[in-house]
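Biologist: Before we start, could you put the chain up so that we can go through it together, step by step?

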Amino acid sequence: MMPGEWDVCITSYEMIIREKSVFKKFNWRYMVVDEAHRIKNEKSKLSEILREFKTTNRLLLTGTPLQNNLHELWSLLNFLLPDVFNSADDFDAWFNTNLCLGDNALVERLHAVLKPFLLRRLKSEVEKRLKPKKEVKVYVGLSKMQREWYTKVLMKDIDIVNGAGKIEKMRLQNILMQLRKCTNHPYLFDGAEPGPPYTTDEHLVYNCGKLVILDKLLPKLREQGSRVLIFSQMTRMLDILEDYCLWRQYNYCRLDGQTNHEDRQRQINEFNEDNSAKFVFMLSTRAGGLGINLATADVVIIYDSDWNPQMDLQAMDRAHRIGQTKQVRVFRFITENTVEEKIVERAEVKLRLDKLVIQQGRLADNKSTTLNKDEMLNMIRHGANHVFASKDSEITDEDIDTILQKGEAKTAELNQKFEALGESSLRNFTVDTPSESVYKFEGEDYREKQKTTGIGHWIEPPKRERKANYAVDAYFREALRVSEPKAPKAPRPPKQPIVQDFQFFPPRLFELLDQEIYYFRKTLGYKVPKNSELGPEASKQQKEEQRKIDDSEPLTEDEQQEKENLLTQGFTNWTKRDFNQFIKANEKYGRDDIENIAKEVEGKTPEEVMEYSAVFWERCHELTDIDRIMAQIERGEAKIQRRASIKRALDAKMARYRAPFHQLRIAYGTNKGKNYMEEEDRFLVCMLHKLGFDRENVYEELRAAIRASPQFRFDWFLKSRTAMELQRRCNTLITLIERENQELEEKEKAERKKKLPKAVTMPGLPTQPLNKTGQKRKNDNSIGNVEKKKKKK
């Protein structure tokens with residue numbers, strides 16, 4: 001970027017971070033930062049970089065200047081005027097909340113300080129035609145499957161729930177998260193979804209209370225001509241909603257933290273365009289709740305609420321913003337008698353406390369917003385007895401209008417209850433919200449005593465179900481059932497040598513050993529039992545085995561001597577471990593690379609391995625599991641051939657350029673992709689060839705080469721790729737190069753065929769090539785010329 005004929009530079013946060021050295025060169029007259037809450041943490045990378053820019057004036061635009069605590073506001077003011085607001089500690093002391101609550105003069109002082117720096121405008125003040133949004137809390141029940149999983153989660157940590165074990169904050173947070181997953185959809189747990197086969201149909205809906213309501217609500221909204229935004233905290237929940245939309249054939253868009261910038265903008269444009277076919281837009285609350293305009297939608301569904309109410313407000317404001325022509329309706333799904341009720345209740349209290357304190361010019365005390373162990377435990381306990389009491393589904397069969405009416409009535413009742421609470425009541429608000437403290441009895445507060453005794457609010461776990469594993473009739477039926485006893489193992493002669501098939505003894509040895517075994521069984525009077533598993537062939541097989549035993553004879557002295565000699569002729573010093581090493585080495589290097597195979601087989605010389613290899617490939621068909629072994633070796637050899645093919649392709653590609661790092665071009669066709677530039681791809685291909693494609697850890701070395709290259713010092717995207725991602729990209733590029741090489745080869749073959757002269761065919765005569773006939777005629781002419789010369793003489 002060079003100084004020139006331009007007045008304004010519009011850029012993104014990502015570009016600021018990547019090109020900070022370029023932006024630092026300019027003396028800026030004015031810096032305007034949109035979505036300024038991105039720099040609420042003064043230690044964040046973006047905040048530190050922006051503070052380094054030389055600017056005369058600064059302006060911050062934000063919808064939420066204060067999301068959590070006082071320090072965030074100081075961070076924004078420090079960015080605007082670092083000389084005035086230079087100490088966070090002084091600022092905190094100056095506007096101490098505890099002093100602020102009872103001192104009106106201090107409140108006025110705060111107004112006077114902030115007024116010159118803070119210009120606050122509400123949408124209702126700017127756009128009079130924008131109708132206020134209407135929020136309805138829709139209460140839903142748990143399905144049978146949800147109750148089962150909710151019970152499992154509580155029972156797993158019942159000691160913690162009842163306060164009997166060691167209460168750790170992390171463990172409580174984990175229980176809360178598992179319970180929230182359960183209220184969202186039971187399929188968020190591994191093993192909950194019925195299958196295989198896994199299907200997308202009715203079970204997706206009836207196993208989840210919220211999806212039952214959603215399934216009733218969406219058709220009604222579609223009839224009314226509304227368009228819907230669905231916000232959820234969990235991206236895996238968005239996966240389930242995506243399956244649901246595909247099944248119900250709703251046109252949808254999806255946006256979460258994994259969506260890249262191009263797809264993000266494309267989907268927003270598709271949803272907002274005139275007469276768009278998109279009905280649903282699914283977003284994750286954190287990724288989709290900031291900085292986007294979806295005012296073409298007029299219904300917002302908060303599928304699960306955020307701990308921070310400001311996040312949900314930001315999500316609602318994607319639709320409720322200037323440009324909206326309809327009244328925005330917000331449906332907040334809450335699962336009754338579960339932890340979700342308390343999360344929403346607490347968020348409501350936090351929001352109203354912020355409204356009372358912050359918007360009057362005062363600042364919230366951060367301690368009042370933190371969640372302590374007791375509150376988390378009370379949240380987990382809420383509704384536990386109700387869930388344990390039954391296993392039946394609580395999903396209502398009422399139509400959606402009745403459900404919404406009940407939701408509106410309950411929402412109004414809750415609003416009235418919270419409005420009646422004053423500031424001090426809100427600050428002392430507990431998750432249990434009892435009308436009279438349950439800890440007080442006869443004038444004594446037992447709150448502290450409960451902490452020392454451990455078990456205070458005992459929750460009775462559900463009764464253990466006994467499985468009917470003892471029935472009298474079934475027992476005696478099984479006990480008296482006469483079944484055929486299992487056939488005992490056939491006897492073998494003692495001290496018979498153990499021979500393995502991979503030791504490749506002569507086949508004659510196995511004949512002599514079998515003869516020895518049969519005669520030993522004959523001496524014992526052994527009768528072959530009938531093997532019922534063989535079916536109709538059982539009798540025939542039994543007679544054949546019995547005949548061999550009856551006809552057997554003892555080994556003669558010569559046969560005994562022959563057996564002893566044959567026992568020395570196999571590879572007796574090869575163990576199962578040696579054999580496995582030999583097979584793996586064949587898989588790794590291919591059957592012909594004896595030198596490397598010998599290195600892999602420990603304790604064996606190259607000559608021994610060579611000798612064994614020759615016999616193995618001659619007699620491998622005698623092995624019992626030869627099919628598996630050959631498949632293993634052939635897979636390895638296919639990989640070796642593939643590596644050699646890739647190396648040849650890279651060599652051929654490189655050979656076409658004198659300076660490949662500068663000149664190399666890749667024939668992308670339609671597979672260019674959106675993320676990698678050609679300059680990056682060129683470097684990957686050239687460096688991969690230089691390092692050696694088939695080297696171990698080559699992609700780790702490639703990653704290090706990228707980071708060390710000055711060419712990519714500002715290329716954050718490429719420098720942040722993992723070795724696995726680089727391998728995937730290189731595989732794609734190799735495929736393109738192979739295809740390009742193949743096309744060039746086919747082109748060269750076609751050109752060679754064109755250059756070959758065509759044969760001349762005469763009827764009734766053998767075909768002769770043109771050059772030969774031409775040569776013959778030339779010779780004939782030369783003879784004729786000689787004869788003419790003789791006549792002249």
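Biologist: What share of the 793 residues in the chain is buried?

Modeller: This is a predicted model, and a residue counts as buried when its relative accessible area is under 20%. Applied to the 793 residues in the chain, that cut-off gives a buried share of 39%.

Biologist: How many helices and how many strands are there in the chain?

Modeller: Both kinds of element occur in this chain, and their counts are 37 helices and 10 strands.
One of the strands is β3, residues 134-140, which is mostly covered, since five of its seven residues are buried. To return to the totals you asked for, the chain has 37 helices and 10 strands.

Biologist: Which strand is joined to β3 by seven bridges, and do the two run parallel or antiparallel?

Modeller: A residue pair helps to place the partner, because Lys-134 stands opposite Arg-329, and two strands count as paired if at least two bridges are found between them. Seven bridges are found here, and the strands run parallel, so the partner of β3 is residues 329-335, strand β8.

Biologist: Which helix gives the most to the largest nonpolar core?

Modeller: In soluble globular proteins, nonpolar side chains tend to be buried together. The largest nonpolar core here has 56 residues, of which Ile-301 and Phe-331 touch the most other members. Seven residues of this core come from the helix that gives the most, residues 209-223, which is α13.

Biologist: How many residues are in the other core that lies apart from it?

Modeller: Among the members of that other core are Leu-650, Tyr-657, Tyr-676 and Phe-693, and its size is 32 residues.

How values were computed. Residues numbered from 1 in each chain as written. Predicted model: local features only at pLDDT ≥ 70, side-chain atom pairs only at ≥ 80, totals over all residues. Heavy atoms only, no water. Helix = DSSP H or I, 4+ residues; strand = E, 2+ residues; numbered from the N terminus. Buried < 20%, exposed > 50% of the residue type's maximum accessible area, 1.4 Å probe, protein only. Core = buried A, V, L, I, M, F, W, Y, C linked by side-chain atoms within 4.5 Å.
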